[in-house]
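Biologist: I'd like a close look at one part of this model rather than a quick tour. Pick the stretch that leads into the sheet pairing, stay with it for a while, and then tell me how it sits in the rest of the chain.

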Amino acid sequence: MEVGRSFEEARSAEETLMSVPKMENAKCRATMEASEKGQMMAELEGNKQKYKKEGNHTRKAVNAFVHNDVMYKRYYIKEIEAVTNRFTSNIKVGQGGYGPVTHTLSHPCCH
C-alpha cells in the first residue's frame, strides 16, 4: 500500500515538475506580448504628438493665408502682357517647366 502511495506521489511530483516549464513559457509569452503592446502604444503616442505638431504648423499657415497675413500681388494678364510686350520672343531669357521665362520691359517693382 505504501509503495502505491509513493508511486502516486512520485507521479504527481513529476507532473508538477513537467508543468513548470509550460507555465514559465506562458508567463514569458504574456510578458513579451505586454512589452510589444507597450512599444506599440509608445509609438502611437509619438506619432500622435508628431501629427499634432504638424497640424499646428498647417493650421497656422492656413490661418495666415485666410487672414491675409501673407503679402502677395495679384497680376492680371493685361499687366503681364504690357510688361512683356505681349510675350515677345526677343525678351525670352529661358524656358521653365510651365513655359517661357521672359525679362520684363518695365515694372514698378523692378526699378
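**The loop before the hairpin**

Modeller: Asparagine 85 lies in the loop between helix H2 (77-83) and E1, so let's start there. Keep in mind that this is a predicted model. The backbone catches the eye at asparagine 85, where phi is near 55 degrees, a positive value in a residue other than glycine. Arginine 86 belongs to the loop between H2 and E1 as well, and its phi is also positive, about 55 degrees, although arginine 86 is not a glycine.

How exposed are these two? Asparagine 85 has a relative accessibility of 44%, so it counts as partly exposed. Arginine 86 comes out at 60%. The cut-off for exposed is over 50%, and arginine 86 therefore counts as exposed.

Being exposed doesn't leave arginine 86 without a partner. Its side chain meets that of glutamate 81 in a salt bridge, with 3.5 Å from N to O. The cut-off here is a side-chain nitrogen of Lys or Arg within 4 Å of a carboxyl oxygen of Asp or Glu. As a rule, side chains of opposite charge can pair when their charged atoms come close. So arginine 86 is worth a second look: a loop residue with positive phi, exposed at 60% relative accessibility, and a salt-bridge partner for glutamate 81.

Now follow the chain out of the loop and into the strands. Strand E1 covers residues 92-96 and strand E2 covers residues 99-102, and the two pair in the antiparallel sense over four bridges. The connection is a hairpin, with two residues joining E1 to E2. To check the register on your screen, find lysine 92, which stands opposite threonine 102 in E2. Another bridge pair to click on is glycine 94, whose partner in E2 is valine 101.

Valine 93 is a good place to pause. You'll find it in strand E1, and with a relative accessible area of 58% it is exposed. Which residues does valine 93 touch? Leaving out residues up to four places away in sequence, the list is Val101, Thr102 and His103. Take histidine 103 from that list: it sits 10 residues from valine 93 in sequence, and the C-alpha to C-alpha distance between them is 6.4 Å.

How sure is the predictor about this region? Within the chain, E1 has the highest confidence, at a mean of 87, and helix H1 (residues 2-66) the lowest, at a mean of 79. For the chain as a whole, the mean pLDDT is 78, and 82% of the residues reach 70 or more.

H1 has salt bridges of its own. The whole structure holds three salt bridges, one of them being the arginine 86 and glutamate 81 contact we just visited. In H1, arginine 11 and glutamate 8 are three residues apart, about one turn of the helix, and their side chains meet at 3.6 Å, N to O. Both ends are partly exposed, arginine 11 with a relative accessible area of 38% and glutamate 8 with 44%. Lysine 27 and glutamate 24 also form a salt bridge, again at 3.6 Å, N to O. These two are separated by about one helical turn because they are three residues apart in helix H1. Here lysine 27 is exposed, at 52% relative accessible area, whereas glutamate 24 is partly exposed, at 45%.

Last, the wider setting. The chain has two helices and two strands, and along the sequence they read α-α-β-β. Of the 111 residues, 5% are buried. Among contacts with a separation of 6 or more, 10% are between residues 24 or more positions apart. The accessible surface comes to about 10,400 Å², and carbon and sulfur atoms hold 59% of it. Against that background, your loop runs between H2 and E1, and from E1 the hairpin carries on to E2.

Note on methods:
Residues are numbered from 1 along each chain as its sequence is written. This is a predicted model: local features need pLDDT of at least 70, side-chain atom pairs count only at pLDDT 80 or more; totals for chains, interfaces and linings use all residues. Side-chain values use heavy atoms; hydrogens and water are left out. Buried means under 20% relative accessible area, exposed over 50%, partly exposed in between (1.4 Å probe, protein chains only). Contact means heavy atoms within 4.5 Å. Accessible areas come from the Shrake-Rupley method with a 1.4 Å probe; for residues, only the protein chains shown count as cover. Two strands pair if DSSP finds at least two bridges between them. pLDDT is the predictor's confidence in each residue, from 0 to 100.
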